[in-house]
Amino acid sequence: MPSKDEMLTPDDRDFVTALASGLEVILAFDQQSPRMTLSEVAAKTGMNRARARRFLLTLHALGYVRKQHRSFELAPKALQLGYAFLSSNGYRTVIQQHLEAITETTGESSSMGVLDGDEVTYVARSAAPHRLMSISLSIGTRLPAAYTSMGRVLLSQLTPEEQDAFLARVTLMRHTEHSLTDKSALRDSLKAVREQGYCVLDQELDSGLRSLAIPAFDAHGELIGAINVSTNAARISIATLTDEFLPMLHDKAAQIATQVN
């Protein structure tokens, strides 16, 4: 049996290919592709039509997918998969209370994210009334780690070997004129974030979006994610983020560390 720190590979005898493929089909449905035909699912997952059809029909029989004429979409039961994660992490209620307190004080949105592969997944969020990005952010939203303040914070906490692997495989894209596209510059940024303990990201993912993030740890010193404040660059200066919002985030992180075991 592999140790708890070892990851199975697809050619391992304990790796269940059918389970992996079924999850791949579920994850193929997203904001850009909420409803797809059999051919579209097959193309997106790289499966042949017969294989994709079997998985879709099985998921349909289990209630995770519903069929509308020639198209398929996720059924409400699929929410149980995400709810299982949220309900098994008892810290979410504590985190949510602190995020809401940040929003109440600053008038800005606040979130918590975790690193999942090369992306940040939002696991808790307190949204301000004003919209900051061209896309809607909510629990479950995934964004490229390299271009979010929470992502940079979480990447900075990786071991040197893990950072090297990330930088070797990631493709850097120019989302705005401010986006970092040089891997050496990104490595330097991660080093600076690790040393200073926070990250300010200024309009690298979306024009006008400026954010501040710091790591969040539990009572045992284990990293549980990153918390942030997201603002509009025209409304909130970088000085305000570092002079006024940063001490507040540190205070909330300190409280989280005493409340999450």
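# Close-up views of a predicted model

**View 1. Glutamate 73 and its salt-bridge partners.** Glutamate 73 is buried, with a relative accessible area of 11%. Please keep in mind throughout that this is a predicted model. Side chains of opposite charge can pair when their charged atoms come close. Here, glutamate 73 makes a salt bridge with arginine 66, and their closest N and O atoms are 2.8 Å apart. Arginine 66 is partly exposed, because its relative accessible area of 38% falls between the 20% limit for buried and the 50% limit for exposed. The picture grows when Arg35 is added: Arg35, Arg66 and Glu73 are linked in a network of salt bridges. In the whole structure you can find 10 salt bridges, and two others appear in the next views.

**View 2. A salt bridge between two strands.** Which residue pairs with aspartate 116 in a salt bridge? The partner is arginine 142, with the closest N and O atoms 2.6 Å apart. Aspartate 116 belongs to strand β4 (residues 109-116) and arginine 142 to strand β6, so the pair ties together parts that are 26 residues apart in sequence. Aspartate 116 has a relative accessibility of 37% and counts as partly exposed. Arginine 142, at 39%, counts as partly exposed too.

**View 3. A salt bridge between a loop and a helix.** Glutamate 204 and arginine 152 form a salt bridge, and 2.7 Å separates their closest N and O atoms. This pair links distant parts of the chain, 52 residues apart: glutamate 204 sits in the loop between β7 and β8, and arginine 152 in helix α6. Are these two residues buried or exposed? Both glutamate 204 and arginine 152 are buried.

**View 4. Threonine 176 and the residues it touches.** Threonine 176 lies in the loop between α7 (160-169) and α8 (183-196). With a relative accessible area of 8%, threonine 176 is buried. Look past its neighbours within four places in sequence, and you will find threonine 176 in contact with Gln203, Glu204, Leu205, Asp206 and Ser207. Take aspartate 206 as an example: aspartate 206 and threonine 176 are 30 residues apart along the chain, and their C-alpha atoms are separated by 6.4 Å.

**View 5. Two residues with a positive phi.** Most residues other than glycine have a negative phi, and most peptide bonds are trans. Histidine 69 is not a glycine, yet its phi is positive, at about 60 degrees. You can find histidine 69 in the loop between β2 (65-68) and β3 (71-74). A relative accessible area of 74% makes histidine 69 exposed, because the limit for exposed is over 50%. Glutamine 203, which is not a glycine either, has a positive phi of about 60 degrees. Glutamine 203 is part of the loop between β7 (199-202) and β8 (209-217). Unlike exposed histidine 69, glutamine 203 counts as buried, at 16% relative accessibility.

**View 6. Alanine 145 in its surroundings.** Alanine 145 sits in the loop between β6 (142-144) and α6 (149-156). How much relative accessible area does alanine 145 have? The value is 0%, and alanine 145 is therefore buried. Apart from neighbours within four places in sequence, the residues in contact with alanine 145 are Leu115, Asp118, Glu119, Val120, Gly151, Arg152 and Leu155. Arg152 may sound familiar, for arginine 152 is the salt-bridge partner of glutamate 204. Methionine 36 is 109 residues from alanine 145 in sequence, and 27 Å lies between their C-alpha atoms.

**View 7. Helices α2 and α3 packing together.** Two packed helices are described by the angle between their axes and the distance between the axes. Helix α2 (residues 38-45) packs with helix α3 (residues 49-62) at an angle of about 110 degrees, and their axes are 9 Å apart. The two helices are therefore roughly perpendicular to each other, since angles of 65 to 115 degrees count this way. To trace where they meet, look for Leu38, Ser39, Val41 and Ala42 in α2, and for Arg49, Ala52, Arg53 and Leu56 in α3.

**View 8. Leucines at the surface.** Val16, Leu19 and Leu23 make up a nonpolar surface patch, and together they have about 280 Å² of accessible area. Leucine 19 of this patch lies in helix α1 (residues 17-28) and is exposed, at a relative accessible area of 53%. Another leucine to look for is leucine 79 in helix α4 (residues 79-88). Leucine 79 is exposed, with a relative accessible area of 65%.

Notes: Residues are numbered from 1 along each chain as its sequence is written. This is a predicted model: local features need pLDDT of at least 70, side-chain atom pairs count only at pLDDT 80 or more; totals for chains, interfaces and linings use all residues. Side-chain values use heavy atoms; hydrogens and water are left out. Patches are made of residues with over 30% relative accessible area and no salt bridge: like charges are joined within 9 Å, nonpolar side chains (Val, Leu, Ile, Met, Phe, Trp, Tyr) within 5 Å. Accessible areas come from the Shrake-Rupley method with a 1.4 Å probe; for residues, only the protein chains shown count as cover. A salt bridge is a side-chain nitrogen of Lys or Arg within 4 Å of a carboxyl oxygen of Asp or Glu. Helices (H or I, at least four residues) and strands (E, at least two) are DSSP runs, numbered from the N terminus. Buried means under 20% relative accessible area, exposed over 50%, partly exposed in between (1.4 Å probe, protein chains only). Axes are lines fitted to C-alpha atoms, for helices over the stretch in contact, and angles run from 0 to 180 degrees between N-to-C directions. Angles under 35 degrees count as roughly parallel, over 145 as roughly antiparallel, 65 to 115 as roughly perpendicular and the rest as oblique. Contact means heavy atoms within 4.5 Å.
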